[in-house]
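Reader: I would like to learn how to read a sheet, a nonpolar core and a salt bridge from a set of coordinates. Could we take them in that order?

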Amino acid sequence: MGRGDRPRRAAPPAGAAASVRRAGRRRVGLLLAVLLAAAFFAAGLLAGCSASPSFRGAVLDEPRPAVLRGVNWDGRAFELAALDEEVAVVFFGYTFCPDICPITLAKMKRLVAELGPERAGEVAVVFVSVDPARDSRQKLAEYVPGFDRRFYGVRAEGRALAAAQESFSVTARTRASGGQPRADGFYFVDHTSSIFLLDATRRPRVSHPMSAPVADLAADVETLLAEPAA
Amino acid sequence: MRPAARTALRRSAIAGDLRPPRPSPTVRRRPPRRAPQAALLALLAACVGSAGCTGDATTSPPPLADALVVESPRAFAPRGSDTGAIYLTIANGTGEDDLLLAAATPVAAVAEVHETVEEDGVARMIAYPQGMPVPAGERTVLAPGGAHVMLIGLDAPLAPGDRVPLVLTFERAGELAVEAPVVADPEVGS
């Protein structure tokens, strides 16, 4: 904007200011300033990614362990508190969901691959149906293990499902496309699409949007795994 | 040519978006001899920084052809699901805005254009009863987590490697037939 000699704003380190007088060293000083500016700029951009210095996702302030009881796709009773894995990755969806639910499950496959076999063994991936009316246990048994047999696919109904949704602050609402009931009876379930990461005490600690890069999920899982056991 | 001019405009706009803020007025006013390298470094650092944030590759797409073209169609229908989705990109180089009115495929009872929108962490599906806008000189991307051709009532399970015939009907460009290979993970395209 302004022309002429304005005071320098690029603020090189205080010690470097004296060296500006000599032409040869001025060049070095400027180069240093540029490099510093670049470094700070890049660091600022990277820092902008994360909501907290230690997690890349949104940090949750949930004092109590989450509650989730139901039946897994293999017919066994499922209870979050009874899981052996150190970290749990939980998200809600339904098998008739054409886009984000299978996309998230496919993403979980990539997360498991990214973590490697040893780490992945310490992580439970849990898909919870918000559409028990259409998602029978058999339906979940056809669907969930198609992604990975180690994934849990939990069916809960009525109060159990309501309690689970409440403890994750998840909403789910049945809706016909465009507001009108469809002739074929098909309906959507608008639902919270966040991916929740739970620690060993089963408290939801971090949430990620469905669009989160796998690397971010993996980094936060690693951070949780590295926490000292409670 | 009009379409070519539009493309050029759009491409320069993209380049403009990618340019990071200038590092500092001092550097701009009196560039020392080594400034080009330093500036390049700063630019590189900024690019790496922003790519890390969005996770998007910053490669610029090829220029639009002088027609309406469907690019990289791929179908996704996990085992055990009665629904599926086809993702694709519509490159409209015709110079005229168009509308995607309908989709049809023999593998499903219904094919509709929908878009997933996320508000306050809640995902919901919106339809395009009037057709989905396909603006001139742009690529309209139907991608995971966004717009897609939704397949309801699949006749048979789709397996990776299968090819799904799809006919898209546009208001101006008319009918366009494509084949979408079935993929295991549409976000990585394989």
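Author: In this predicted model, begin with the open sheet of chain B, whose four strands follow the order 6-3-9-10 with antiparallel pairing.

Reader: Which strands stand at the edges of the sheet?

Author: Strand 6 (132-134) and strand 10 (174-181) of chain B each have a single partner strand, so one side of each is left without a neighbour in the sheet. From one strand to the next, the twist averages 40 degrees. Strand 3 (residues 98-104) and strand 9 (residues 163-170) of chain B are paired through four bridges in the antiparallel sense, and B:L100 has B:F170 in strand 9 as its bridge partner.

Reader: How many residues has the largest nonpolar core, and which have the most contacts inside it?

Author: That core has 70 residues, and those with the most contacts inside it are A:L80, A:V90, A:M108, A:V126 and A:F168. Its largest share, 10 residues, is supplied by helix 2 (residues 100-120) of chain A. Another core, of 28 residues, lies apart from it and includes B:L100 and B:F170.

Reader: Where does the salt bridge between B:D82 and A:K139 lie, and is each residue buried or partly exposed?

Author: The pair crosses between chains, from the loop between strand 1 (68-76) and strand 2 (83-92) of chain B to helix 3 (residues 137-143) of chain A, with the closest N and O atoms 3.2 Å apart. Buried means under 20% relative accessible area; B:D82, at 31%, therefore counts as partly exposed, whereas A:K139, at 10%, is buried.

Notes. Residues are numbered from 1 along each chain as its sequence is written. Chains are lettered from A and ligands numbered from 1 in the order in which they are written. This is a predicted model: local features need pLDDT of at least 70, side-chain atom pairs count only at pLDDT 80 or more; totals for chains, interfaces and linings use all residues. Side-chain values use heavy atoms; hydrogens and water are left out. Two strands pair if DSSP finds at least two bridges between them. Helices (H or I, at least four residues) and strands (E, at least two) are DSSP runs, numbered from the N terminus. Axes are lines fitted to C-alpha atoms, for helices over the stretch in contact, and angles run from 0 to 180 degrees between N-to-C directions. A nonpolar core is a set of buried Ala, Val, Leu, Ile, Met, Phe, Trp, Tyr and Cys residues joined through side-chain atoms within 4.5 Å. Buried means under 20% relative accessible area, exposed over 50%, partly exposed in between (1.4 Å probe, protein chains only). A salt bridge is a side-chain nitrogen of Lys or Arg within 4 Å of a carboxyl oxygen of Asp or Glu.
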